[in-house]
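Student: I would like to take a close look at a single part of this structure and then follow it outward into its surroundings. Please keep the account connected.

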Amino acid sequence: MAIRPVLRMGDPRLLRPSDRVLQLDTPELHALLADMQETMASLNGAGLAAPQIGEPWRVVIFGTDAPNPRYPDAEIVPRTVLINPELEPLGTQMEQGWEGCLSVPGMRGLVPRYQQLRYRGVDERGRAIDRQVSGFHARVVQHEVDHLDGILYPMRMTDLSQFGFNEELFPGQGLQDD
Ligand code: NI
């Protein structure tokens, strides 16, 4: 296990679509997930996608089992390993919400996302995951899965006046300068 450097916006590897995982429950996959979990924990992230550490596979992790200092008001999302995810929006309703990203450190932006969605995939041992979620949980999944398609949250924004540095947007809130 190792804490890995997180690629930052501008690195072309973040813009590349990632490949599906064909073999589950392998030592390589478990090692990748261990590195992702250690890296995410060290940075208080709410989620991390494999391409953010330079590994071009369709693997994301997310979850907050305690209030996250980067998202102090967010609801708790179960800790999840999601491989080869498929997203299906439920309805057309979108909502705006603030997002940050470990690949865009120190910043936040207001991003429209589907309010409700179904997501499917498997975990590291091939067990099926099939959930219907809404709100912050749905937002986190959309953000992380976007990374697998080479999309960073600023590319989803519709109003760039709502993009800036944590300390300027939320002065005195002590949001971690990730
Ligand atoms: Ni991100």
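Student: Does G106 count as buried or exposed, and what is its relative accessibility?

Tutor: This is a predicted model, and what follows should be read with that in mind. G106 has a relative accessibility of 5%, and because buried means under 20%, G106 counts as buried. G106 sits in the loop that runs between β4 (94-99) and β5 (107-114). In space its C-alpha lies 8.7 Å from that of L175, although the two residues are 69 apart in sequence.

From this loop we can turn to the nickel ion, whose protein donors are C101 through SG, and H143 and H147 each through NE2, at 2.1 to 2.3 Å from the ion. Along the chain these donor residues follow the spacing C-x41-H-x3-H. H143 and H147 both belong to helix α2 (residues 135-148), and because they are four residues apart there, about one helical turn separates them. Both H143 and H147 are buried.

Helix α2 leads on to the sheet, since α2 lies across β1, β2, β3, β6 (116-122) and β7, running at about 155° to β2. The sheet itself is open and is formed by five strands in the order β1-β2-β3-β6-β7, with antiparallel pairing. β1 (47-49) and β7 (128-134) stand at its edges, and because each has a single partner strand, one side of each is left without a neighbour in the sheet. On average, neighbouring strands of this sheet are turned by 35° against each other, direction ignored. At the β1 edge, three bridges join β1 to the antiparallel strand β2 (residues 59-64), and A49 stands opposite V60 in β2. Helix α1 (residues 27-42) also packs on the sheet, where it touches β1, β2 and β3 (77-89), and its direction makes about 40° with that of β2.

The loop between β6 and β7 holds E124, which is buried yet has no salt bridge, the nearest side chain of opposite charge being R127 at 4.7 Å. Apart from neighbours within four places in sequence, E124 is in contact with L24, D25, L29, H30, L33, V81 and I83.

Charged pairs are found elsewhere, for the structure holds 13 salt bridges. One of them joins E86 to R20, with the closest N and O atoms 3.5 Å apart; E86 lies in strand β3 and R20 in the segment before α1, so this pair ties together parts that are 66 residues apart in sequence. E86 is partly exposed, with a relative accessible area of 46%, and R20 likewise counts as partly exposed, at 45% relative accessibility. A salt bridge also connects E88 with R120, the closest N and O atoms being 3.0 Å apart, and this pair links E88 in strand β3 to R120 in strand β6, 32 residues apart. E88 is partly exposed at 32% relative accessibility, as is R120, whose relative accessible area is 34%. Further along the sheet order, R118 and D130 meet through their side chains in a salt bridge of 2.7 Å, N to O; R118 lies in strand β6 and D130 in strand β7, so parts twelve residues apart in sequence are tied together. R118 counts as partly exposed at 23% relative accessibility, and D130 does so at 44%. Finally, E99, R113, R139, D146 and R156 are joined into one network by salt bridges that share partners.

Technical notes: Residues numbered from 1 in each chain as written. Predicted model: local features only at pLDDT ≥ 70, side-chain atom pairs only at ≥ 80, totals over all residues. Heavy atoms only, no water. Donors = N, O, S within 2.8 Å, 3.2 Å for Na, K, Ca; no water. Helix = DSSP H or I, 4+ residues; strand = E, 2+ residues; numbered from the N terminus. Buried < 20%, exposed > 50% of the residue type's maximum accessible area, 1.4 Å probe, protein only. Pairing = 2+ DSSP bridges. Axes fitted to C-alpha atoms, helices over the stretch in contact; angles between N-to-C directions. Contact = heavy atoms within 4.5 Å. Lys, Arg positive; Asp, Glu negative; His and termini not counted. Salt bridge = Lys/Arg side-chain N within 4 Å of Asp/Glu carboxyl O.
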